[in-house]
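Thanks for coming. I have one structure to go through today, and I will keep it short. Please have the sequence and the model open as I talk.

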Amino acid sequence: MQTRILAIAAALAVGTSGACYAGAYNNDFSAGVGAASLRGTAVLDSGSIRLTPNVTSQQGSLVINDLDPGSIVQSFDASFTLATGPAGSTLADGVSFSFGPAPADTYGESGASSGLVVTFDLWDNGESPTPPVIRVLVNGVQVAATQVALNTGGSFLPVTVHYDAAGLDFDFNSGAVSFSNVNTAGFAPGAGLRFTFGARTGDGTAEQRIDDVSIVTSATALKTTPVPTLTQWGMIVAATLLAGLGAHALRRRRSPGIGASRLG
Ligand SMILES: [Ca+2]
Ligand SMILES: [Ca+2]
């Protein structure tokens, strides 16, 4: 009887972890934004996403829907192209690529406050090294950074980002800036995180665009413990009662001497 109870409990405690899922978002923006939303000043324009026009005090985002609802992303490969301009101008403020909580509205160049962020920082707000700089942030803490010219003159330059348990790999403009296995130890992926692009202008301006976004994830389901159904609860209660009765009867059969000694 005890064995049967354990078997029922074990069956109920079986989780659903280990199953693998793959999410994907691919868009050349020739026909809409797909499973994503444009926010703030971001618009679909001429086959790409213009996050900000070359105007002061703008902020726009492309927020991609949850690619793996209820699952935890273990690794991802992302690529996109980035264009800033106009050529010859001092630009502000920059563009971010985040994997973190979705913004309530929009993100600027600093990206999500937690999670993984790559920021293309155009303007010196006291950052180190001094912008223009590409910075990698983990939960808001800079873990890698390299200065680089970031005015592309309106040309779209390629960016790749790979994340897995070994860290983050990054490349901008085919080797102009590369990071390998950046330590992301402070980042613990959770369910519901989103891929988001953001950009901002302030007193200074820049037209900031992205195009050809491709993201592929590998995710595992959250470990869940199913709640017993009413029938299963009935079986548990009945099994427990029967086990108790059985144990009681067994004790009575093995201990006849108690009653006998009283009679004697
Ligand atoms: Ca395009
Ligand atoms: Ca800055």
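How many bridges join strand 13 to strand 14, and do these strands run parallel or antiparallel? Four bridges join them, and the two run antiparallel. Strand 13 covers residues 167-172 and strand 14 covers residues 177-182. Across that pair, Phe170 has Phe179 as its bridge partner. The two strands make a hairpin, with four residues in between. In the turn sits Asn173, with a positive phi of about 55°.

Before the rest, a word on confidence. This is a predicted model. The mean pLDDT of the protein is 89, and 88% of the residues reach 70 or more. Two stretches fall below 50. Residues 1-16 stay under 50, and for them the model has 20 contacts beyond four places in sequence. Residues 257-264 are also below 50, and that stretch has zero contacts beyond near neighbours in sequence. Where pLDDT is low, the predicted coordinates should not be read in detail. I will leave both stretches there.

Now the overall make-up. The protein has 264 residues, and 36% of them count as buried. It contains three helices and 16 strands. Taking contacts with a separation of 6 or more, 69% are between residues 24 or more positions apart.

Next, the sheet. Seven strands form an open sheet with antiparallel pairing, in the order 3-6-15-8-9-10-11. At the edges are strand 3, residues 36-40, and strand 11, residues 141-147, each of which pairs on one side only. From one strand to the next the twist averages 15°.

Look at strand 15 in that order, residues 194-200. Is strand 15 mostly covered or mostly open? Mostly covered: six of its seven residues are buried. To one partner, strand 6 (residues 59-64), strand 15 is joined by five bridges. To another, strand 8 (residues 94-100), it is joined by seven bridges. Both pairings are antiparallel.

Thr196 is a useful residue to click on. In strand 15, Thr196 is the bridge partner of Val63, and Thr196 is also the bridge partner of Ser98. From Ser98 you can step on across the sheet, since Ser98 stands opposite Val117 in strand 9. Strand 9 covers residues 116-121 and pairs with strand 8 over six bridges, again in the antiparallel sense.

Then the core. In soluble globular proteins, nonpolar side chains tend to be buried together. Here the largest nonpolar core has 50 residues. Which residues have the most contacts inside it? They are Leu62, Val161 and Ile210. Strand 7, residues 71-85, supplies the largest share of this core, with six residues.

Take Leu62 as the example. Leaving aside neighbours within four places in sequence, Leu62 is in contact with Val33, Ala36, Leu38, Ala42, Ile49, Phe197 and Ile210. So one of its contacts, Ile210, is itself among the residues with the most contacts inside the core.

Last, helix 2, residues 230-254. How many of its 25 residues are buried? The count is zero, and the helix is hardly covered. From first C-alpha to last, helix 2 reaches 36 Å, close to the 36 Å expected at 1.5 Å a residue. Set that beside strand 15, where six of seven residues are buried.

That is what I have for today.

Definitions and conventions:
Residues are numbered from 1 along each chain as its sequence is written. Chains are lettered from A and ligands numbered from 1 in the order in which they are written. This is a predicted model: local features need pLDDT of at least 70, side-chain atom pairs count only at pLDDT 80 or more; totals for chains, interfaces and linings use all residues. A residue is buried if 20 or more other C-beta atoms lie within 10 Å of its own, exposed if 12 or fewer, and partly exposed in between; C-beta atoms are placed from the backbone. Two strands pair if DSSP finds at least two bridges between them. pLDDT is the predictor's confidence in each residue, from 0 to 100. Two residues are in contact if their C-beta atoms, placed from the backbone, lie within 7 Å. Axes are lines fitted to C-alpha atoms, for helices over the stretch in contact, and angles run from 0 to 180 degrees between N-to-C directions. The expected span of a helix is 1.5 Å times one less than its number of residues. A nonpolar core is a set of buried Ala, Val, Leu, Ile, Met, Phe, Trp, Tyr and Cys residues joined through C-beta atoms within 7 Å.
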